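Work through the exercises below with the structure open beside you. Try each task before you read its solution.

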Amino acid sequence: MIDLTISTIQETINSLRPGEKGIIGNFAVEKIPLKLQEMGCLPGNEVQLIQLAPFRDPLFLNINGNNLAIRRETADLIEITKVL
Amino acid sequence: MWSLQHILVYLAVAAAVAYLVKKYFLKPKSKKERTCGMDDCGCH
Amino acid sequence: MGKQLKVSLIGNPNTGKTSLFNLLTGLNQQVGNYPGITVEKKEGTCRLPGGGKAHILDLPGTYSLNASSADEQLVVESLLRKEQPDFPDLAVVVADVENLKRNLILFTQIKDLKIPAILVINMADQMERRGISLDVELLEKKLNTRVVLMSARKKTGIDELKKQIEDYQQLPVSPCLSVSELDATYFERLQKAFPEEDLYRLWLCVSQDVALKKIDESLLKANEYSERNTPEIKRLQQKETIARYLYINRFLNNAYQVDRTKATDWRSVLDRILTHRIGGYAIFFLIMLLMFQAIYNWSSIPMDFIDQSFAHLSEWTNNHLPEGPFTSLLAEGILPGIGGVVIFVPQIAFLFLFISLLEESGYMSRIVFLMDRLMRRFGLSGKSVVPLISGTACAIPAVMATRNIENWKERMITILVTPFITCSARLPVYLIIIALVIPDQTFVGFNLQGLTLMGLYVLGFGMAVLSAFVLDKIIKNKAHTTFVVEMPAYKVPMAKNVLYTVLEKTKSFVLVAGKIILAISIVLWFLASNGYSDDFYQAEEIVRAQPENTMLSEQEMQTAVASYQLQHSYIGIIGHAIEPVIRPLGYDWKIGIALVTSFAAREVFVGTLATIYSVGSEEEETIKERMSSDVNIRTGKKLFDFPTGISLLLFYAFALQCMSTLAIVKKETNSWKWPFIQLVLMSGFAYLVALGAYQVLT
């Protein structure tokens with residue numbers, strides 16, 4: 001069920017809309033805090049956008065069952081494929 | 001004139017001064033590698 | 001019995017670790033003396049079923065043994081230091097049943113350190129509601145440990161845990177993962193460099209973002225093995241994390257199942273409302289408003305009662321004890337001094353009640369989420385909100401609470417601006433002055449005095465934010481770090497946890513602040529009841545001889561003598577020496593003395609005035625009444641009139657008058673530069689604002 005039609009432009013967590021889900025793809029390991037990875041932000045895991053603060057920043061996510069918030073600058077670095 | 005009340009007053013004042021001096025002037029000496037939380041970290 | 005068994009409680013934040021600690025130790029616990037939230041060392045003892053005792057240490061919450069903040073570093077260090085006294089015989093790892101997978105990462109790391117470990121799965125009472133089923137036996141077998149299902153809330157499983165703690169020697173200490181499998185060549189090289197050491201302990205030292213300090217000496221040299229934060233280490237850490245998840249998933253998929261259809265999720269509905277981009281802010285503001293109204297209104301009844309009682313007590317002492325200097329010291333120095341502290345107990349208790357409710361319920365993290373973007377404009381982080389809110393209790397724990405802000409610059413700015421936040425020590429000063437100069441009337445349904453108090457809190461917060469904005473332009477950033485905040489599930493706060501926090505903090509306020517205030521009031525009384533000049537000793541003759549005083553009644557004459565004597569006491573002489581500096585702000589020498597003693601701790605202000613106003617007076621009158629009837633000799637008007645009151649409020653809002661804050665800032669920033677800048681700028685600014693306000697208002 002992976003949407004391939006818009007995969008020409010690489011999507012990141014930041015392109016999710018509230019309620020939408022995605023599967024985490026690649027990211028530059030050294031730019032993503034280890035803590036985030038320990039909370040389950042690893043390639044292949046599912047991410048869902050729960051809520052956005054004003055200006056889309058920070059983002060309230062559910063990653064692999066964990067509720068957490070990250071800033072837009074971090075969200076921009078994590079590639080995903082949207083799940084419909 | 002040195003009644004019991006006078007003696008008590010001077011004792012109290014001396015104790016109070018000693019306490020304040022200890023608290024604010026002798027503190028840095030005893031503060032070495034101690035982790036905060038074991039003492040009061042000088043709060044108040 | 002020999003030595004006590006040493007147990008460390010370790011776990012992710014928000015797993016109910018503190019509740020478990022409270023349950024194990026009851027009131028047999030000691031916490032560092034500062035008021036505030038769990039930041040530091042909490043210890044206690046627990047009686048075991050077999051008659052023995054265990055020493056329990058509650059370590060700060062951490063997600064893993066890879067420290068990214070000072071708090072987490074403390075946990076790692078305590079586990080890498082076999083030589084130190086609190087190295088645990090046994091680690092009790094507390095996990096939350098809903099986030100078991102993530103919690104197990106930390107558990108496998110502890111196991112790999114070869115420390116005996118028990119896994120406690122807390123909040124087991126939630127399993128049915130959340131549709132979770134768990135195969136404990138399988139989990140025990142796969143993790144090679146004992147698993148205790150418990151609920152700190154329902155108090156189930158605690159006896160089982162105590163029994164397991166007692167039998168800790170039967171626990172296997174086999175590791176879960178062998179790091180050498182991650183990259184054979186790298187770890188072979190590492191082991192070769194330190195052939196004596198355990199490989200996983202070495203790897204923890206090498207891979208930390210910061211150099212560890214308080215660890216075994218043999219490990220210290222491993223700190224310099226390679227450069228920190230290299231892409232190679234980061235990649236290995238990711239590999240390790242993935243390997244741990246794989247290890248856990250292998251059995252957890254069988255042992256742990258969630259039937260999502262059973263889960264009734266009122267919490268996500270709550271989040272949609274509480275973190276809403278408009279509604280969320282409105283609710284936040286409303287909660288704050290409510291909190292300060294409550295602090296002001298609810299505590300006025302017990303406060304009036306305490307005020308009256310101390311006035312009665314002083315009068316009783318004066319009338320019933322033999323006359324003499326010690327009786328005066330009791331009635332005019334010590335009792336009003338203690339009363340000046342006790343009277344603020346109700347407010348401080350309410351303040352800590354609200355702060356601990358915000359923390360316990362999980363709402364504090366939502367505040368972090370809501371405020372992050374806004375705070376970042378001013379060089380702060382959403383996480384700065386927690387120190388800023390705890391700053392309403394005391395700046396010291398607040399400065400310490402900045403330790404979980406990963407970004408150096410954001411942390412530094414937070415530390416520097418936190419003292420602007422209205423702390424509980426300012427509260428006594430505000431309350432008495434508000435009561436004196438602001439009318440007790442309602443304005444659109446709100447009490448005017450309560451609104452003024454709220455305004456002062458807003459002012460302090462505004463000043464903190466404004467100065468953060470300026471500092472943001474000045475301070476240069478050191479390293480780039482990112483922001484990750486867990487949004488824990490909402491919980492109904494546990495009465496026991498809240499109660500313990502309130503009790504502990506209030507007790508430490510009374511004891512710690514109380515001792516200083518008591519000592520200062522004794523010294524002040526002495527200085528106020530003694531002098532060296534003839535003016536002091538012959539006060540009565542001099543006053544009676546003054547022609548304008550002949551018309552006075554006996555009572556008025558007494559007052560005139562007492563006030564003449566006070567003016568020529570040691571304290572009067574010191575006060576008059578300071579007066580020229582503070583006269584432009586509308587203060588007289590009495591307030592001047594109170595300002596000087598305030599540098600020990602702000603709340604001393606009230607105690608000082610209480611003592612000064614009590615010396616030489618024997619009638620039963622509350623301090624407030626005395627202060628309100630005092631007349632400024634120079635202007636002939638009431639001393640505590642509106643302009644002076646406002647000027648004082650502003651001065652206290654901005655000035656840094658707390659030696660302890662300076663000390664803690666020095667400790668946390670590791671230099672005298674920052675506390676010095678803070679002191680000069682804040683106090684200078686306070687003087688100018690108070691001066692401006694007084695001159696405009698008169």
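The exercises go from chain contacts to a shared sheet, then to salt bridges and domains.

This is a predicted model, in which local features need pLDDT of at least 70, side-chain atom pairs count only at pLDDT 80 or more, and totals for chains, interfaces and linings use all residues. Residues are numbered from 1 along each chain as its sequence is written, chains are lettered from A and ligands numbered from 1 in the order in which they are written, and side-chain values use heavy atoms, with hydrogens and water left out.

**Exercise 1. Chain contacts**

Task: Find which chains share the most contacts.

Solution:
- Step 1. Fix the term: contact means heavy atoms within 4.5 Å.
- Step 2. Look at the pairs of chains. There are 2 pairs in contact, and chains A and C share the most contacts.
- Step 3. Check chains A and B. No contact joins them, and their closest C-alpha atoms lie 25 Å apart.
- Step 4. Count residues for A and C. Here 33 residues of chain A touch 42 residues of chain C.

**Exercise 2. The interface of chains A and C**

Task: State how much area is buried between chain A and chain C, and which residues of chain A lose the most.

Solution:
- Step 1. Pick a quantity. The size of an interface is often given as the accessible area lost when the parts come together.
- Step 2. Define it. Buried area is the accessible area (1.4 Å probe) that two parts lose on being put together, summed over both.
- Step 3. Read the value. Chains A and C bury about 3,300 Å², and carbon and sulfur atoms give 57% of it.
- Step 4. Name the residues. Lys35(A), Glu38(A) and Arg71(A) lose the most area to chain C in chain A, together 22% of what that side buries.
- Step 5. Count polar contacts. A polar contact is a pair of N or O atoms within 3.5 Å; within protein, one must be able to donate a hydrogen and the other to accept it, and residues adjacent in sequence count only if both atoms are side-chain atoms. Between chain A and chain C, 13 residue pairs are in polar contact (both at pLDDT 80 or more).
- Step 6. Locate the elements. Helices (H or I, at least four residues) and strands (E, at least two) are DSSP runs, numbered from the N terminus. H1 (34-38), S3 (46-52), S4 (59-63), S5 (66-70) and H2 (72-75) of chain A each give at least two residues to the side that touches chain C.

**Exercise 3. A sheet across two chains**

Task: Trace the order of the strands in the open sheet.

Solution:
- Step 1. Know the rule: two strands pair if DSSP finds at least two bridges between them.
- Step 2. Follow the 7 strands. The order is S1(A)-S6(A)-S2(A)-S3(A)-S4(A)-S5(A)-S12(C), with antiparallel pairing.
- Step 3. Find the edges. S1 (11-12) of chain A and S12 of chain C each pair on one side only.
- Step 4. Inspect the chain crossing. S5(A) pairs with S12(C) (residues 484-486) over 3 bridges. There, Ala69(A) has Val485(C) as its bridge partner.
- Step 5. Move inside chain A. S2(A) (residues 21-24) and S6(A) (residues 79-83) are joined by 4 bridges. Gly22(A) partners Lys82(A), and Ile24(A) stands opposite Ile80(A).
- Step 6. Look at the pairing of S2(A) with S3(A), which has 3 bridges. Lys21(A) is the bridge partner of Gln48(A).

**Exercise 4. Salt bridges between chains**

Task: Find how many salt bridges cross between chain A and chain C.

Solution:
- Step 1. Apply the cut-off: a side-chain nitrogen of Lys or Arg within 4 Å of a carboxyl oxygen of Asp or Glu.
- Step 2. Count. The whole structure holds 22 salt bridges, and 3 are found across the interface of A and C.
- Step 3. Inspect Arg71(A). Its side chain meets that of Asp372(C) at 2.9 Å, N to O.
- Step 4. Inspect Arg376(C). Its partner is Asp57(A), at 2.7 Å. Arg376(C) sits in H15 (residues 363-376) of chain C, and Asp57(A) in the loop between S3 and S4 of chain A.

**Exercise 5. Two domains in chain C**

Task: Describe how domain 1 and domain 2 of chain C meet.

Solution:
- Step 1. Set the bounds, which come from an automatic or database domain assignment. Domain 1 of chain C is 5-170 and domain 2 is 181-241.
- Step 2. Count the contact: 16 residues from domain 1 and 20 from domain 2.
- Step 3. Read the area. The domains bury about 1,500 Å² between them, 50% of it on carbon and sulfur atoms.
- Step 4. Find the 1 salt bridge across this interface. Lys114(C) and Asp198(C) form a salt bridge at 2.6 Å, N to O.
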